[in-house]
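Here are my comments on the model you asked me to look over, set out as numbered points so that each can be checked against the coordinates.

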Amino acid sequence: SRESARLRAQARLWDPVSHALFDRVGVRRGWRVLEIGPGQGSLHMELRRRVGGTVDAVERSARFAERLERLVRRDGLGPSRIYFSDLIDASLPPRHYDFIFARWVFLFLPDPEAHLRLLARALKPGGVLAIQDYHRDTFMLVPRPDDWDDFIAADRALFASQGGNVSIGVRLPGMMTAAGLEVTGIEQTTKEGHPGSPTWNWVTNYVLSVLDRLHHSPAFTREKATRLKRQWLAAGRSRASLLIAPCVLDVVGRKPRR
């Protein structure tokens, strides 16, 4: 329930950025579309509205898949086809989709190159793959806490221990090219905010939830986690504090028509 609430707040903050991406790509009526990891489903419903019909999805969470099935019954456009599996195990039809979209999925994936090859095969000639994911080097709290570098290193290590990469966004253009796609666009969005702002609340919820899971790192001890939490909460009581969130990159690739 806590994660669902965090994702809803995250969607309110970031869905307009994804809508702008859909505008640039030109998602339109009649397209065959696949969304990877729709989660709470807000962008899935937007894609259905734009194509005027059903949109396929890969969603391994039973809870999110059930929610998606409830949502799509409301718009009268028909049930979405849900591949209920990990992405790498999804039996996607080859040369089928006009548009494939993923937001905050690739940072969790081991072997992202293999996943990109899978999606490239599923695109029609001329089809578009658009991925939104992080370049985390912009992440900063000002004033800077004493143990910030150790926290960032431990956070990266947590993702890496599960096969992920918190800054996968900067690697995606090269991976798309290696998968046979032509990179047609790269855009960035960096959000910032003072205490009480949507950006501040979004990132604070993440940081406070993850601190207790970072004690496995020798460089980020329990004492350092406690000190960082204390400094973070103190910063939240000062109007002068500023939070610069991780940058999100929009990386767009097109499959050659030949």
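The points below treat a central strand, a cavity and a set of salt bridges in what is a predicted model.

1. I would begin with strand 4, residues 97-103, where seven of the seven residues are buried, so the strand is largely enclosed by the rest of the structure. Strand 1, residues 33-36, pairs with strand 4 in the parallel sense over four bridges, and within this pairing I36 stands opposite A102.

2. Strand 4 is also joined to strand 5, residues 123-135, by six bridges, and these two strands run parallel; here R103 stands opposite Q132. Between the two strands the chain passes through helix 4, residues 112-122, in a β-α-β crossover that is right-handed.

3. On internal space, a search of the whole structure returns one cavity of 30 Å³ or more, and the largest cavity holds about 40 Å³. R136, F139, I152, D155, R156 and V166 line this cavity, which by class gives three nonpolar, no polar and three charged residues.

4. One of the residues lining that cavity, R156, also takes part in a salt bridge with D137, at 2.4 Å from N to O. The pair links distant parts of the chain, since R156 belongs to helix 5, residues 148-161, while D137 sits in the loop between strand 5 and strand 6, 19 residues apart. R156 is partly exposed, with a relative accessible area of 28%, whereas D137, at 53%, counts as exposed.

5. The search of the whole structure finds 14 salt bridges, among them one between R24 and D250, whose closest N and O atoms are 2.7 Å apart. Because R24 lies in helix 1, residues 2-25, and D250 in strand 10, residues 247-254, this pair ties together parts that are 226 residues apart in sequence. The burial of the two partners should be kept in view as well: R24 counts as partly exposed at 46% relative accessibility, while D250 counts as buried at 2%.

6. A further salt bridge, between R49 and E46, has its closest N and O atoms 2.7 Å apart, and the two residues are separated by about one helical turn because they are three residues apart in helix 2, residues 42-51. R49 counts as exposed at 52% relative accessibility, whereas E46 counts as buried at 12%.

7. Finally, R49 and E46 should be read together with D23 and R50, as salt bridges that share partners join these four residues into one network.

Methods
Residues numbered from 1 in each chain as written. Predicted model: local features only at pLDDT ≥ 70, side-chain atom pairs only at ≥ 80, totals over all residues. Heavy atoms only, no water. Buried < 20%, exposed > 50% of the residue type's maximum accessible area, 1.4 Å probe, protein only. Pairing = 2+ DSSP bridges. Right-handed = clockwise from strand over helix to strand, strands pointing away. 1 Å grid on protein atoms, 1.4 Å probe; cavity = no way out; pocket = protein on both sides within 12 Å on 5 of 7 lines; lining within 4 Å. Points joined across faces, edges and corners; volume = space filled by probe spheres on them. Nonpolar A, V, L, I, M, F, W, Y, C, P; charged D, E, K, R; others polar. Salt bridge = Lys/Arg side-chain N within 4 Å of Asp/Glu carboxyl O.
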